[in-house]
Each structure stands twice: as C-alpha cells, then as structure tokens.
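Student: I am new to this structure and would like to learn how to read it. Could you walk me through some of its features?

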Amino acid sequence: MKLCIFEDKKYDNLYPLTLTRAVFELRCGATVLMDKIERSAPNADVVYFMRDHLVAIFKERYGERCVNELNALKDDVLLVNGRLLAKTGDLSLEGDEEVAVKGEDIVYVRAKKETMEKLLADSLEKTLEKLKGELSVKEVDATLIEYPWDLINNNSKAIVEDFKHIGSGIHGELHPQAVVVGDKENLYIAKTARVHPYTVIDVENGPVIIDEGTIVYPFSRIEGPTYVGKNCWILRGNIREGVSLGPVCRVGGEVEESIIHGYSNKYHTGFLGHSYVGEWVNIGALTTNSDIKNDYTSVKVYIKGEFVDTKTQKVGSFIGDHTKFSIGCLLNTGSHIGVACNLLASGEPLPKYIPSFCWYFRGRFSRGWGFRRTIKSESAMMARRKVEMTEARVKLLRRIYDETKEERETLIRMSRRRVR
C-alpha cells in the first residue's frame, strides 16, 4: 500500500512561505502537515509530489525519499492533498475506492492497483482528473490550508491534537522554583529539556510541549496551547497561547498565536502576533508587528498581485526565509515580506508588501548587496548554527532571486520617483 502526499496548484496562495518549501512542509501545531498525514498511515510506503525545483532541498532536509515518481503509484494507494490539516479519523488506507472533495479541491483519493494502472497518466494532475471522473465523489468536512493565516487560525487546535499523540510527562529538568499553573497532565517536558527557576508554565487553557534540548531561562512565562521545538532557548519570553516554535529558535519578548518555522531569532523585547516566520530570520530588538487594525475591520494581505480579504480581524505578518530586520522596525497588519529581504527601521511602518531580495531603507526600496553577497551573509548566519549553505539551497535562492527580479525592479523605480 502506498501513501502519496501531493502539492496542488494552490501552493502559490501560501507565498512567501512556500517559495522555499513544499506546502506539506509547513508547520501547524507541533509538527508539519506531512507528519500529520503520515501519522494516519504509519505502515505505508510514502511517495511525495512537489514542484521539481524543490526536490533537491527536500531530500537534503528529509533524506532520500521517493519523489515525483509516477510509476510508484501502480499500487493500492491513498493520495492526499498536502494542504490537508489531518486529524485523527480523517484518513484511512482501508475502504472503498472514492474521491473526497471540499468544494472544487480534492482532499484525498483512495484507489486500487488495477484502477491506478488503468488511469495513470503522464502527470499526477491529469491522473487525479481521471480518477475524479471515474470514481465516486463525496464531499467531506476537512480542513485544507488555503492561505497563510489559516495556519495561524488552526494552530492552537493542532497543538492540542498533536499533544494527544505525544502524551504528558515531565521527563526533563523542572526546577523546584518553577511554577506550573493548572494540571500537570497538560505538560510535556522532554528528557533533555531544562526549565530554570522563576519561570511560569500555564497549562490551564491548553497543553504545553517543551521538546528535546530546549532551555527555558528565568523570568519566562509560557501559556498553553504552545509547542516549543527542539534545541530552542526561551529568554525572558512571554509566550502566550497558540505559539509553535520549530527547532533551534531563540525567542524573547512577547509572542502570541504565531509560528516560527525554525532556526530563527527573536531574542529581544518586541511583539510578534498572529504571524508566520520562516527559517533563518533575524528580528531585531524592539521590532514589533501590528495584528489588528484601529477600526477593527478585517485585514487584507497581498496574494498573487492583489490584496485578499482575510475576513479575519487579527492577522500579523508572513515572513519568508533569510529575511533580516534591524532594531525598531514596525510591521503593519497583514504584511507579506519575501525571502532574503533586509529591512531597516525608518520610524514609520514598513510597506505591507515587500518582494524577495529587497532592501528597504529611509523609505526607499533598493537592490542592496545583490545575490552573491547576500549568500555570503546567509552562509555566515547558518554556520553559527553549524548548518551548511549547500549548493541545493543556493540554486533555490538563485531561482527565487531571478523570478522576482521584475517585480523588485518595478518597486525600486517607483520608490525612486516618490523620493524625487
């Protein structure tokens, strides 16, 4: 039996987060989306389908996997949309052949080997179309991640669901002068994690998960539901509800209902709310984002050339990998900031949309260092965490740089005209 996890055409609704990863690598709760899907079929062989240019970096992250191999689908198979936020009971390898949909989107397809051999086309997209035309179709109540803010709005529920699989237990070091508010059955501290004195862990409203190698330093407070990933440091942090931190993050100040994918720094005082931050991002001291408008109307976010109404009052910032903020930056509600940007405080809120590889300084967009020096700078940051800037990552960043050039140059010209 095969499990196939695939990207569909809506991957670009999730830019800038999916510029550097497949949709099913996005984090929600304590795990990424593909982990939740795989949890539903633990004994299946897994095949992944994604954009071709992401394959090399995907294999670097997860090891040698079966990727974009159509012939591997000539088997009994469960094909699952990688945007699915899977919870217990959503998926099963067993059952009749069927296509489950939500609106126009395929959620999953269950098909037998004979059907797959008969209908397999020269692409996964065409294969799914043929399966939808041949098999019985049913509407299901499933959560498909459509836009970046859906990850934030579902994060607390996902943490609670993941906690059921992790379980409670204080296996690491919880200092006697640390305080747990609420039932300790809602707390998990991994064996190699340490919680220092003069800290508060509040599990009254949801579980707190502190993963391997993490250190919670004095004068920090963590409120559930929250997941703190492997080898993180919490330094005088006020970690409020609905927060997920991926591995090797350094976090201080106030964070609320946000996801930091991993390997990013927010050491200092400043507020981060209702936001998703990619990898290798550095957020300078006192940098703060707004996550609600003064008139309490819904927030709009720039997606594929237009501002999309989120129909949500609380929306923060969506920040691509390798972006850097100076001290004291101010981020507007619904900010969309691309990959490898360098943003300097000007005393006013930054623009709501900043394309990849842009600098923003004194109210103007610029090219900054250009590609080569940016890679050199990012290599230095990664080396501090003992991670290599590989050829696959450089090629991916080069592709993003080239693909966003026209948009970047247009904004640079416009900002120069405004200054004159």
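Tutor: We will go through sheets, then a pair of helices, then a few single residues.

Student: What should I know before starting?

Tutor: This is a predicted model, in which local features need pLDDT of at least 70 and side-chain atom pairs count only at pLDDT 80 or more, while totals for chains, interfaces and linings use all residues. Residues are numbered from 1 along each chain as its sequence is written, and side-chain values use heavy atoms, with hydrogens and water left out.

Student: How do I read a sheet?

Tutor: Begin with the elements: helices (H or I, at least four residues) and strands (E, at least two) are DSSP runs, numbered from the N terminus. Two strands pair if DSSP finds at least two bridges between them. Here, one open sheet has 10 strands in the order 10-13-16-19-21-23-26-31-34-36, and its pairing is parallel.

Student: Which strands stand at the edges of that sheet, and why is one side of each left without a neighbour?

Tutor: The edges are strand 10 (169–170) and strand 36 (353–354); each has a single partner strand, so one side lacks a neighbour in the sheet. Strand 10 runs parallel to strand 13 (residues 187–189), joined by 2 bridges. Within that pair, Gly 169 is opposite Tyr 188 of strand 13.

Student: How is the sheet of 7 strands ordered?

Tutor: That open sheet follows the order 5-4-1-6-8-7-9, with mixed pairing. Its edge strands, strand 5 (66–67) and strand 9 (137–139), each pair on one side only. Strand 4 (residues 45–49) is parallel to strand 5, with 2 bridges between them, and Tyr 48 has Val 67 of strand 5 as its bridge partner.

Student: What about helices that meet each other?

Tutor: Look at their axes, which are lines fitted to C-alpha atoms, for helices over the stretch in contact, with angles from 0 to 180 degrees between N-to-C directions. Contact itself means heavy atoms within 4.5 Å. In this model, helix 2 (residues 55–62) and helix 8 (residues 391–403) have axes that come within 9 Å and cross at roughly 140 degrees. Helix 2 contributes Ala 56, Ile 57, Glu 60 and Arg 61 to the contact, and helix 8 contributes Ala 392, Arg 393 and Leu 396.

Student: Is a given residue buried or exposed, and how do I tell?

Tutor: Buried means under 20% relative accessible area, exposed over 50%, and partly exposed in between (1.4 Å probe, protein chains only). Thr 214, in the loop between strand 16 (208–210) and strand 17 (215–216), counts as buried because its relative accessibility is 0%. Its side chain reaches the backbone oxygen of Gly 229 at 2.5 Å. Leaving aside neighbours within four places in sequence, Thr 214 has contacts that include Thr 192, Arg 194 and Cys 232.

Student: Where does His 274 lie?

Tutor: His 274 is in the loop between strand 25 (271–273) and strand 26 (276–279). At 5% relative accessibility, His 274 is also counted as buried. Not counting residues up to four places away in sequence, His 274 touches several residues, among them Ile 152, Asp 291 and Phe 318.

Student: And Lys 87?

Tutor: Lys 87 belongs to the loop between strand 6 (77–81) and strand 7 (98–102). With a relative accessible area of 38%, Lys 87 is partly exposed. Apart from neighbours within four places in sequence, Lys 87 is in contact with Asp 141 and Glu 161.

How values were computed. A polar contact is a pair of N or O atoms within 3.5 Å; within protein, one must be able to donate a hydrogen and the other to accept it, and residues adjacent in sequence count only if both atoms are side-chain atoms.
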